[in-house]
Amino acid sequence: MSKPILYYALFSPPARACMLTAELIGLELDLKFVDFAAKQHLTPDFLLLNPQHQIPVFVDDDKEVFIDSHAIMAYMVSKYGKNDNLYPKDLKKRARVDHMLHFENGVLFQVIKDMVRRNIYGGEGEFNKITLDLCDNAYSFLEAFIDKSNFFGNSPTLTIADVCINTTLVTLDMLIPVNNNRYPKLVAWMIRMKTLLPSYEEVNLKGAKMLHDRIKNCMRENKAKENSHTDYD
């Protein structure tokens with residue numbers, strides 16, 4: 001039987017979340033790298049898999065295609081997981097996990113999307129106040145959500161909500177650090193994740209550094225262009 005395929009790029013927090021989830025449940029994937037610099041995500045073959053031209057894309061062993069990291073992680077755990085700890089079958093527990101998945105997508109990850117829009121494609125050389133406010137808002141909510149639990153969604157164990165929040169948060173932390181004085185519970189959670197998630201250095205941090213470097217390099221280039229324009233004004 002063929003292995004499920006995951007189309008990925010390491011810089012992508014959602015792709016990394018799927019990779020780490022697969023490792024947690026012992027699922028071996030056929031990893032297929034998508035080269036965004038070569039515009040492989042815009043090729044006709046890839047667009048047949050995902051018309052949104054985004055990663056990750058999961059192709060199961062029966063050739064069924066799934067897109068969106070949250071849907072992919074939930075599906076992988078439900079089909080291939082040895083138990084339901086990562087994505088509970090209990091409806092109340094699952095609803096709490098789903099809430100944090102939606103929060104990650106609708107609030108936390110939007111900070112990165114705002115950076116990409118402004119600092120990679122929008123020509124801005126500094127973080128916009130709107131970006132900083134979005135980030136502060138997201139960190140504040142996460143600090144409140146983790147509260148007295150070790151994991152998000154008030155879960156007694158690690159879930160896919162923790163995985164997807166972590167892959168996004170480690171990237172943001174490199175760009176706008178999580179302040180230990182303001183968010184001590186969140187920082188403590190991030191430290192715990194280093195020991196609980198597989199391939200933390202070689203997949204998660206390595207990929208986060210790639211996206212960090214891309215954003216920072218664009219910001220430096222944008223700043224240099226701003227300064228050169230000022231010199232000629």
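A pocket, as the word is used here, is an open set of grid points where a 1.4 Å probe fits, with protein on both sides within 12 Å along at least five of seven lines. By that reckoning the second largest pocket of this predicted model comes out at a volume of about 180 Å³. Its lining is made up of Asp84, Asn85, Pro88, Lys93, Arg96, Val97, Gly153, Asn154, Ser155, Pro156 and Thr157. Sorted by character, that lining holds three nonpolar, five polar and three charged residues.

The largest pocket is next. About 1100 Å³ of space lies in it. A total of 36 residues line this pocket, and Phe11, Ser12, Phe36, Gln54 and Ile55 are the closest to its centre. Helix 1 (13–24), helix 3 (69–80), helix 4 (91–120) and helix 8 are the elements that each give two or more residues to the lining. Helix 4 puts in the most, with eight residues. As for chemistry, the lining of the largest pocket splits into 20 nonpolar, ten polar and six charged residues.

On to the packing. The largest nonpolar core counts 64 residues, and the members that touch the most others are Tyr139, Leu142, Ile160, Leu169, Leu186 and Trp189. Two or more residues apiece come from strand 1 (5–8), helix 1, helix 3, helix 4, helix 5 (129–146), helix 6 (160–175), helix 7 (184–196) and helix 8. Helix 4 supplies the largest share of this core, ten residues. Helix 4 thus turns up twice, as the top contributor to the lining of the largest pocket and to the largest nonpolar core. Another core, of eight residues, lies apart from the big one, and Ile5, Val34, Phe46 and Val57 are among its members. Back in the largest core, Leu169 shows what the contacts look like: beyond residues up to four places away in sequence, Leu169 touches Leu108, Tyr139, Leu142, Val178, Leu186, Trp189 and Met190.

A few single residues deserve a look. Thr21 sits in helix 1 and counts as buried because its relative accessible area is 0%, under the 20% cut-off. Setting aside neighbours within four places in sequence, Thr21 is in contact with Met73, Met76, Val77, Ile160 and Val163. Cys135, in helix 5, is likewise classed as buried, since its relative accessible area is 1%. With the same kind of sequence neighbours left out, the contacts of Cys135 are Val111 and Ile176. Along the chain, Cys135 and Ile146 are eleven residues apart, and their C-alpha atoms are 17 Å apart in space.

Asn222 is found in helix 8 (residues 200–232). At a relative accessible area of 8%, Asn222 is buried too. Leaving out residues up to four places away in sequence, Asn222 touches Asn119, Gly123, Glu124 and Gly125.

Asn179 belongs to the loop between helix 6 and helix 7. Its relative accessibility is 34%, so Asn179 counts as partly exposed, a class that runs between 20% and 50%. The side chain of Asn179 reaches the backbone nitrogen of Arg182 at 3.2 Å. Asn179 also lies 10.0 Å from Asp136, C-alpha to C-alpha, although the two are 43 residues apart in sequence.

Finally, the backbone has some oddities. Most residues other than glycine have a negative phi, and most peptide bonds are trans. The peptide bond from Ile55 to Pro56, however, is cis, with omega near 5°. Pro56 falls in the loop between helix 2 (44–49) and strand 3 (57–59), while its partner Ile55 is one of the residues closest to the centre of the largest pocket. Lys39 has a phi near 60°, a positive value in a residue other than glycine, and is located in the loop between strand 2 (30–33) and helix 2. Asp147 also has a positive phi, near 40°. The loop between helix 5 and helix 6 is where Asp147 lies, and its 41% relative accessibility makes it partly exposed.

Notes
Residues are numbered from 1 along each chain as its sequence is written. This is a predicted model: local features need pLDDT of at least 70, side-chain atom pairs count only at pLDDT 80 or more; totals for chains, interfaces and linings use all residues. Side-chain values use heavy atoms; hydrogens and water are left out. Helices (H or I, at least four residues) and strands (E, at least two) are DSSP runs, numbered from the N terminus. Buried means under 20% relative accessible area, exposed over 50%, partly exposed in between (1.4 Å probe, protein chains only). Contact means heavy atoms within 4.5 Å. On a 1 Å grid over the protein atoms alone, a cavity is a set of points where a 1.4 Å probe fits but cannot get out, and a pocket is an open set with protein on both sides within 12 Å along at least five of seven lines; lining residues have an atom within 4 Å of a point. Grid points are joined across faces, edges and corners, and a volume is the space filled by probe spheres set on the points. Ala, Val, Leu, Ile, Met, Phe, Trp, Tyr, Cys and Pro count as nonpolar, Asp, Glu, Lys and Arg as charged, and the others, Gly among them, as polar. A nonpolar core is a set of buried Ala, Val, Leu, Ile, Met, Phe, Trp, Tyr and Cys residues joined through side-chain atoms within 4.5 Å. A polar contact is a pair of N or O atoms within 3.5 Å; within protein, one must be able to donate a hydrogen and the other to accept it, and residues adjacent in sequence count only if both atoms are side-chain atoms.
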